[in-house]
Amino acid sequence: MHPVLEPLSWMLGTWLSDPPGAGTFPTLQPFPYLEEAHISHVGQPMLNFTFNAFHPDTRKPMHRECGFIRLQPDTNKVAFVSAQNTGIVEVEEGEVSGRELSISSHSIARISFAKEPRVEQITRRFRLTAEGKLEQTVSMATATQPLTQHLHVTYRKVTP
């Protein structure tokens with residue numbers, strides 16, 4: 001592992017949602033989902049990630065995203081770059097502090113025919129619990145709704 005990544009090493013591994021994640025938003029019916037998170041490195045000064053969500057009953061694929069997490073050398077500043085199957089590409093920036101990473105959108109782009117309403121802001125928080133589980137909370141704002149929690153999932157580690 002590249003030495004600059006040491007402050008993020010607690011995120012590495014393959015993680016499975018346990019219990020199912022919970023999705024909600026004022027314009028949606030609440031929904032459960034299963035998710036596999038794979039966070040790895042290839043020796044470069046960044047982490048690679050994929051998040052793949054599935055319907056808990058049918059196992060039908062749902063949300064997917066992949067990207068990179070970069071740490072500015074000699075700082076606690078983090079950049080998170082994500083491409084999603086919904087047609088959204090985002091850059092989020094923030095800070096890592098101990099076993100917690102908090103980031104918020106710096107820029108969001110979308111394909112011309114992405115579903116309305118337009119996503120205007122995203123925040124995320126990753127946290128490693130005392131029990132060794134990884135939590136992710138995602139909030140978003142759209143053109144019609146203020147910043148509101150959208151997703152919360154707790155993962156258990158299945159591979160280092």
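## A buried ring and its partner

Let us start inside the protein, with Phe49, a buried residue whose relative accessible area is 2%. This is a predicted model, so everything described here is computed from predicted coordinates. Phe49 forms a stacked aromatic pair with Phe80, at 4.6 Å centre to centre and with 15° between the planes. The two rings come from separate strands: Phe49 belongs to E4 (residues 46–54) and Phe80 to E6 (residues 77–84), so their pairing ties together parts that are 31 residues apart in sequence. Phe80 is buried as well, with a relative accessibility of 0%.

This pair has company. Ring pairs connect Phe49, Phe51, Phe80 and Phe126 into a cluster. In total, the structure holds 5 aromatic pairs. One of them is made by Phe31 and Tyr33, whose rings are tilted, 6.1 Å apart from centre to centre and with 45° between the planes. Here Tyr33 is buried at 4% relative accessible area, while Phe31 is partly exposed at 25%.

## The overall fold

Stepping back, what is the chain built from? It has 11 strands and 0 helices, and along the sequence the pattern reads β-β-β-β-β-β-β-β-β-β-β. The radius of gyration is 15 Å, close to the 15 Å that the globule rule gives for 160 residues, so the chain is as compact as a globular protein of that length. Along its principal axes, the C-alpha trace spans about 40 × 35 × 25 Å.

Of the 160 residues in the chain, 40% are buried. Among contacts between residues at least 6 apart in sequence, 38% join residues at least 24 apart.

## The nonpolar core

The largest nonpolar core has 32 residues, and those touching the most other members are Leu8, Met11, Ile39, Leu47, Ile69, Leu101 and Phe126. Strand E4 supplies the largest share of this core, with 4 residues. Phe126 is also part of the ring cluster met above.

Leu101 makes a good example to look at in the structure. Leaving aside residues up to four places away in sequence, Leu101 touches Trp10, Met11, Val78, Glu95, Val96, Arg124, Arg125 and Phe126.

## Three strands in a row

Which way do E6 and E7 run relative to each other, parallel or antiparallel? They run antiparallel, joined by 7 bridges, and Val81 has Val91 of E7 as its bridge partner. The hairpin of E6 and E7 has 3 residues between the strands, and Gly87 there takes a positive phi near 95°.

E7 also pairs with strand E8 (residues 100–110), again antiparallel, through 10 bridges. Glu93 stands opposite Ser104 in E8. In this second hairpin, 2 residues lie between the strands, and Gly98 has a positive phi near 60°.

## A buried glutamate

Glu90 sits in strand E7 (residues 88–97). Is this residue buried or exposed? With 0% relative accessibility, Glu90 counts as buried. Its side chain makes a polar contact of 2.3 Å with the side chain of Gln84.

Gln84 is one of several residues around Glu90. Not counting those up to four places away in sequence, Glu90 touches Phe80, Val81, Ser82, Gln84, Ser107, Ile108, Ile122 and Arg124. Phe80 in this list is the ring that stacks with Phe49.

## Loops with unusual geometry

Most residues other than glycine have a negative phi, and most peptide bonds are trans. Several loop residues deserve a look with that in mind. Arg59, in the loop between E4 and strand E5 (61–71), has a positive phi of about 65° although it is not a glycine. Asp74, in the loop between E5 and E6, is likewise not a glycine and has a positive phi of about 60°. Both are exposed: Arg59 at 51% relative accessibility and Asp74 at 83%.

Where are the cis peptide bonds? One runs from Asp18 to Pro19, with omega near 5°, and Pro19 lies in the loop between strand E1 (13–17) and strand E2 (21–25). Another joins Glu116 and Pro117, with omega about 0°, and Pro117 is in the loop between E8 and E9. That loop also holds Lys115, which is exposed at 69% relative accessibility. The C-alpha atoms of Lys115 and Thr86 are 7.6 Å apart, although 29 residues separate the two along the chain.

Terms used. Residues numbered from 1 in each chain as written. Predicted model: local features only at pLDDT ≥ 70, side-chain atom pairs only at ≥ 80, totals over all residues. Heavy atoms only, no water. Phe/Tyr/Trp six-rings, centres within 6.5 Å; stacked < 30°, edge-to-face > 60°. Buried < 20%, exposed > 50% of the residue type's maximum accessible area, 1.4 Å probe, protein only. Core = buried A, V, L, I, M, F, W, Y, C linked by side-chain atoms within 4.5 Å. Contact = heavy atoms within 4.5 Å. Polar contact = N/O pair within 3.5 Å; in protein donor to acceptor, adjacent residues only side chain to side chain. Pairing = 2+ DSSP bridges. Rg over C-alpha atoms; globule rule 2.2 N^0.38 Å.
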